[in-house]
Amino acid sequence: MDPNSSPSKVIPIVSTLGSPFESSPDANDSSRKQLSLWPGMYHSPVTNALWETRSKIFERLLDPPLDAPPQSELLTKTPSQSRTTILYNFSTDYILREQYRDPGNEVRIGKLLEDLDALAGTISVKHCSDEDSTTRPLYLVTASVDKMVLKKPISVDIDLKMVGAVIWVGRSSIEIQLDVIQPSNGSTDLSEPALTANFIFVARDYKTKNAAPVNRLSPETEEEKHLYEAAEARNKVRKSKRGRDKREIENGGVNRLEELLAEGRIFCHMPALADRNSILLRDTRLENSLICQPQQRNIHGRIFGGFLMHRAFELAFSTAYAFAGMMPSFMEVDHVDFLRPVDVGDFLRFKSCVLYTEYEHTDQPLINIEVVAHVTRPELRSSEVSNKFYFTFTVRPEAKAQNNQFMIRKVVPATEEEARTIIERMDADLLQANK
C-alpha cells in the first residue's frame, strides 16, 4: 500500500496501565454507554483506541436495532474512506514499549496479530456503515487471513505505523490490506512494509444471519485499481480451489500418499530400524486449553479473532522451539481459517504439530506448523473445529551458529489423514509462492 496515497486520520496508541478514557473528550458524555459495558475493553492499547475513535458506530453494534429495516440502498465508497492509520509511539512511550517487547527486544508477533485483526475489523465497519441510525447494521466476521510474510524484524524501540483500507469487495465479502511500516534505525524510508496482511471479512444480516450485500467499492488511484484487480484474481483462485484439493489427491496423489506413509510404517512396525533423522508427526504435538472469558469478546459478543490468533501463535512458537531445540524465528502466517464462531464460556482446545520441514537451504531451514482450535462441549460429548492456523518458522542464525551439529528432522505421517493434510498444505504453500 502506497504510504503517499490519500491521507487518513492517524490514531495514536497509548499504554493501558491507566484507562485511556480518563482524558477522553467524551468521558463525561452521559449519552454514552458505561465503559464496563464495552466488550473487550482491555484487550490491547489498539482495540481501546480504535473503539474510542469509532464510538458512535460501535455503540450501534452493542445493541443493534433488530426490528429496524436493513440498509435499503448500497453506497459506493472509495478506499480512502475506509483508510485508517494507527501509530505506535514506541520511541517516547516507555510503558507502551514494555507492553509490546519480546525477549529479543522486538515487537511481540502475537500482539501484532491481535492488532491487525482489530484494525481490519474497524475498517470493515467503516466501509459497511451507512451511518443511518434507523437501519440495522451488518454483522461482520473474519472469514480468513491470507499469507502474511515478515520481511524484516520489527524493533520495539522505533515508532511503528499500521495502515489499512478496503481493497476489494464481492457481494457479501470484503478484502482488507494492512501494511506494518517501520523505518530502519536512522532512516526515514517508509516505502517497504515490514509486514503485509490481507484479511477477508464476510457480512451477515444481524437478524437472519444470512449473507448480506455490502457497499460497493470504487478504486481511484492506479495503485488502488491494481490492488483491486489482484484481489479479484485471488478471489477467483479461492473459488476454483474449493473441493479441488481432495480430487487432486484422489486422482493423482496416490503415489505421494504412499511415499509419505511408507516411512511412517517403519516407525510404527519396526521402530528400531527407523531413520533417526526423521520423527513421527504425532510426536511433535503440543496442546493447551482454556475457558473463553467475557473479557475476550468482540463487539458482537463473540470471542475476538485476534485473541485466537495470538494464542495460536504462542503455541506454534512453542512447538517450533521444542522441535528445533533452539529459539525459532517467525517468518510468516501461511493461512488462517475462521470456520465457526467461538462463544464466551466455550471450552477451547488448541492442538499443534509440525506438519513438514524444508531443509534444502541449510542456512534457513523451514518449520511448518499447524494449529487447530476445537470447541469442546463435554456435556454433549462433542468437539468441533473452529479455526485452523498455519505458521512458518526458521531458527535464529545466532542460535544455529552456536550449534554446528544442528539439523532439522524430517516429519513423517503415521496415518493417511496426516499424509493428506501434509500434501494439501504443501500444495497450498506452493500455490502461494507461485502467485
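What follows helix α9, and what is the sign of its phi? The residue is Gly325, and its phi is positive, near 80°. Keep α9 in mind, since we will return to this helix below.

## The whole chain

The model you are looking at is predicted. Its protein chain holds 11 helices and 16 strands. The chain has 435 residues, and 51% of them count as buried.

How do the parts of the chain meet? Take the contacts between residues at least 6 apart in sequence: 77% of these join residues at least 24 apart. Several examples of such meetings appear in the sections below.

## Two helices side by side

Let us look at a pair of helices. Helix α5 covers residues 109-128 and helix α9 covers residues 305-324. They pack with their axes 8 Å apart, at an angle of about 160°. Angles over 145 degrees count as roughly antiparallel, and that is why α5 is described this way relative to α9. The crossing of α5 past α9 is right-handed.

Which residues make the contact? From α5 come Ile109, Gly110, Lys111, Leu113, Glu114 and Asp117. On the α9 side they meet Gly305, Gly306, Phe307, Met309, His310 and Phe313. Sorted by class, this contact has 5 nonpolar, 4 polar and 3 charged residues. It helps to remember that an α-helix has 3.6 residues a turn, so residues three or four places apart point the same way.

## Checking the helix lengths

You can test a helix with simple arithmetic. At 1.5 Å a residue, the 20 residues of α9 should span 28 Å, and the C-alpha atoms at its ends are indeed 28 Å apart, which agrees. For α5, also with 20 residues, the expected span is 28 Å and the end C-alpha atoms lie 29 Å apart, which agrees as well.

How many residues of each helix are buried? In α9, 14 of the 20 residues are buried, so to speak mostly covered. In α5, 20 of the 20 residues are buried, so this helix is largely enclosed by the rest of the structure.

## Gly121 in helix α5

Gly121 is one of the residues of helix α5. Is Gly121 buried or exposed? The cut-off for buried is under 20% relative accessible area, and Gly121 has 16% relative accessibility, so Gly121 counts as buried.

Find Gly306 next. Gly121 and Gly306 are 185 residues apart in sequence, yet their C-alpha atoms are 9.8 Å apart in space.

## Ala197 in strand β8

Now move to strand β8, residues 195-205, where Ala197 lies. Its relative accessibility is 0%, so Ala197 counts as buried. Leaving out residues up to four places away in sequence, Ala197 touches Leu116, Met148, Ile176, Gln177 and Leu178.

There is also a link back to a residue you have met. Asp117 takes part in the contact of α5 with α9, and its C-alpha atom is 9.7 Å from that of Ala197, although the two are 80 residues apart along the chain.

## Asn215 in a loop

Our last stop is Asn215, in the loop between β8 and β9 (216-217). With a relative accessible area of 1%, Asn215 is buried.

Which residues does Asn215 touch, not counting those up to four places away in sequence? They are Gln71, Leu74, Leu75, Lys77, His127, Cys128, Ser129 and Val169. Leu74 is 141 residues from Asn215 in sequence, while the C-alpha atoms of the two are 5.0 Å apart in space.

Methods: Residues are numbered from 1 along each chain as its sequence is written. This is a predicted model: local features need pLDDT of at least 70, side-chain atom pairs count only at pLDDT 80 or more; totals for chains, interfaces and linings use all residues. Side-chain values use heavy atoms; hydrogens and water are left out. Axes are lines fitted to C-alpha atoms, for helices over the stretch in contact, and angles run from 0 to 180 degrees between N-to-C directions. Helices (H or I, at least four residues) and strands (E, at least two) are DSSP runs, numbered from the N terminus. Angles under 35 degrees count as roughly parallel, over 145 as roughly antiparallel, 65 to 115 as roughly perpendicular and the rest as oblique. A crossing is left-handed if the near helix is turned anticlockwise from the far one by less than a right angle, and right-handed if clockwise. Contact means heavy atoms within 4.5 Å. Ala, Val, Leu, Ile, Met, Phe, Trp, Tyr, Cys and Pro count as nonpolar, Asp, Glu, Lys and Arg as charged, and the others, Gly among them, as polar. The expected span of a helix is 1.5 Å times one less than its number of residues. Buried means under 20% relative accessible area, exposed over 50%, partly exposed in between (1.4 Å probe, protein chains only).
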